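Hello,

Here is the structure I promised to pass on to you. Have a look at it first, and then read on for what turned up.

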Protein chains: 2
Amino acid sequence: MKKFEISKNRRVRVTPYTSRLEKYGVGGYTVYNHMLLPTHFKSLEEEYFHLKKDVQLWDVSVQKQIEVTGTDSYKLVQLMTCRDLSSAKILKCYYVPLIDGNGNMINDPLILKVEDMKWRICIADSDVLLYAKGIADSMKLRVKIHETNISTLAVQGPKSFELMSKVFGENISKLKFFNFNYYKFGGVDFMISKSGFSKQGGYEIYIQDTASGHKLYDYIIKIGGEFNLKPGCPNAIERIEGALLSYGNDMDNNDNPFECGLDKYINLESNIEFLGKKALQKAKSEGIKRKLMGVKINDKNIYLTKEEKLFDDKQKTIGFLRSAVYSPRFKMIVGIAMINRDYCKVSQKFKINLNNKIISGSVCSLPIN
Amino acid sequence: MKKFEISKNRRVRVTPYTSRLEKYGVGGYTVYNHMLLPTHFKSLEEEYFHLKKDVQLWDVSVQKQIEVTGTDSYKLVQLMTCRDLSSAKILKCYYVPLIDGNGNMINDPLILKVEDMKWRICIADSDVLLYAKGIADSMKLRVKIHETNISTLAVQGPKSFELMSKVFGENISKLKFFNFNYYKFGGVDFMISKSGFSKQGGYEIYIQDTASGHKLYDYIIKIGGEFNLKPGCPNAIERIEGALLSYGNDMDNNDNPFECGLDKYINLESNIEFLGKKALQKAKSEGIKRKLMGVKINDKNIYLTKEEKLFDDKQKTIGFLRSAVYSPRFKMIVGIAMINRDYCKVSQKFKINLNNKIISGSVCSLPIN
């Protein structure tokens, strides 16, 4: 694929690790939360197999953290989500659909309750800070909202557990999925959660001090050899197969969380107050009209730049493909599509116009197995 | 500079003109409002001189338009800005600092009042939609807010007037600066404003129908030869010299509009209601502590990735450089910096650490002459 210069400036920020990534041969970038995110080093496919077998060190500093503190901090966080956070616990992580007053998605962050009255929202790619400020400014809430300078490194892959024990001590092996705690390296406390944007297991390390982060990064690279560790990044193939949704790709501000399959994070029976409650109650009573599903397409090359129509034998639209990639495991294209309700059936056939050819495919469940 | 693959997908959108830009040899990209914006074709310097002499056709579709309609649409737009829009007129454009409840900048769009109760906010790089929704959802305002599919082409440069008369008819030469109106090409009405992100004069064309936009783009390229028209894009050298501020570079959510030199768009004496009013009244009564100024630096190479400290002979910080580029006109680096109040003097000397060398420079006024 053609290469371009990509601007780096104050508006499109580098991370504290960008120069290291370039030393290790990063091959592509995207921009996420006004910051550079690598998309691959040498080969997406090689890195896919490596991630599933060994362990990778990712720079995911783009997962910016919006910190909300103050007397009304719970109230504000709750107003933005349909997930009941009234009994949220410190040291636990919560995957949360953030929704607007129309009940539509604005982001799908991990939320960490760091202390009483101190929440961190680890955001996908949209300016959640501005939605939170819009509410807080209007309602005169007693909160402070700011984007932290925290950078995030992820250690992902089946060998991440052994590697991280070696770096932070055996204690970290007791950390449970979607919990976080504090662990020492080089005399410095690091906040670490057992989480990450892959289905291969691993950790996310939240770093406040850049010098300590650099030491940690270089140490992990140095001792990583015995685990066949490589620098990596979220892998498009692995995340689509694993149905890790990407805000802006698979879903956007025109979709509600039912349509995104996030039903288990919607607590309409609870007496919590959130801005999209009436809209979601209405959506539920009316029944959803479409839903995100997996798809498999009988071809090898795809490069989506917008959603692509899927249609049946009678040219009737059955849905829209939103993310897609060639899967070396299935030896065909796999993707995530918003499918109209009547067609949300596993094995439902469809056609798609790809590179001026009509190609056939079928609907499948998510994750794609 | 090193080149990379840059991802194009639903989240980082192409524009209707991206394939044309690549055909004409675009050399670099940035991402702006989740969409690709070219940064140069062959040479930033050649394009700088060409823009000041002839005429260029720009794809600035990244200037996304947030449309606010409904009974409370004026109320909502006004709540976000310190500029008095109570007597805003249809067919006029308004450059507007958008601010939050702390009186700090969240964007600096051009606002067009398209009809009574129909406003379009042509945004810089932040999700203004989310701030507007946060307010509207909290206050239960009777508005609809959405991002339009409008794409924007700009025709910029001293020969733009003659060129545009040839395309849209002589009538367009009567359009005044920061006014807009509707002009026909190929039987289709195009909304056009006399505006643009350069100081060389020109127009912005707001395009709803992609096929008509393609016809217009290709026609302008075809007849542009006699004006020495070339495809171009906002030029970093020209915009810094001309003090066209870039949100995210020169200013961000930690700066108020006084500090950004936007005093003439702050109407504190008016009885309009906006969320940052108290904060700006306080800022005014306390006096500002710093201000955006121009700088000249005695060197040729700079590549800022974050703000850089400026200091005096005693190592005391006098401010921070936020945007900078080599200027072939001044034969040195020019930039925009946030300078502490006591040092906001033309010819104030400073030093900066660039590429591990201490370089000297001086403060100047904006625009840089």
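Before the distance between domains comes up, one definition: the domain bounds used here come from an automatic or database domain assignment. Please also keep in mind that this is a predicted model.

With that settled, let me start inside chain A. The assignment splits chain A into domain 1, covering 18-63 + 150-240, and domain 2, covering 65-147. The C-alpha centres of domain 1 of chain A and domain 2 of chain A are 25 Å apart. Where these two domains touch, domain 1 of chain A contributes ten residues and domain 2 of chain A contributes nine residues. On the domain 1 side of that contact in chain A, four residues are nonpolar, six are polar and none are charged.

As for the chain as a whole, chain A contains eight helices and 22 strands. Its C-alpha atoms fill a box of roughly 65 × 50 × 40 Å along the principal axes. A compact globule of 369 residues would have a radius of gyration near 21 Å, and chain A agrees with that at 21 Å. Buried residues account for 51% of the 369 residues in chain A. Among the contacts in chain A with a separation of 6 or more, 65% are between residues 24 or more positions apart.

Now to the two chains together. How many residues does each chain bring to the contact? Chain A gives 44 residues and chain B gives 44 residues. On the chain A side, strand S1 (5-6), strand S2 (28-32) and helix H4 (128-139) each supply at least two residues. H4(A) gives the most, with ten residues. Sorted by class, the side of chain A that touches chain B has 16 nonpolar, 15 polar and 13 charged residues.

There is also strand pairing across the two chains. S2(A) is joined by two bridges to strand S1 (residues 5-6) of chain B, and the two strands run parallel. Within S1(B), Ile6(B) is the bridge partner of Tyr29(A).

Finally, the symmetry. Chain A superposes on chain B through a rotation of 180° with 0.0 Å of shift along its axis, at an RMSD of 0.0 Å. That is the relation of a two-fold axis. Of the interface residues of chain A, 100% are also interface residues in chain B, so the copies meet through the same surface.

Happy to talk any of this through whenever it suits you.

Best wishes

Notes. Residues numbered from 1 in each chain as written. Chains lettered and ligands numbered in written order. Predicted model: local features only at pLDDT ≥ 70, side-chain atom pairs only at ≥ 80, totals over all residues. Contact = placed C-beta atoms within 7 Å. Helix = DSSP H or I, 4+ residues; strand = E, 2+ residues; numbered from the N terminus. Nonpolar A, V, L, I, M, F, W, Y, C, P; charged D, E, K, R; others polar. Pairing = 2+ DSSP bridges. Least-squares fit on C-alpha atoms with pLDDT ≥ 70 in both. Rg over C-alpha atoms; globule rule 2.2 N^0.38 Å. Buried ≥ 20, exposed ≤ 12 C-beta atoms within 10 Å, placed from the backbone.
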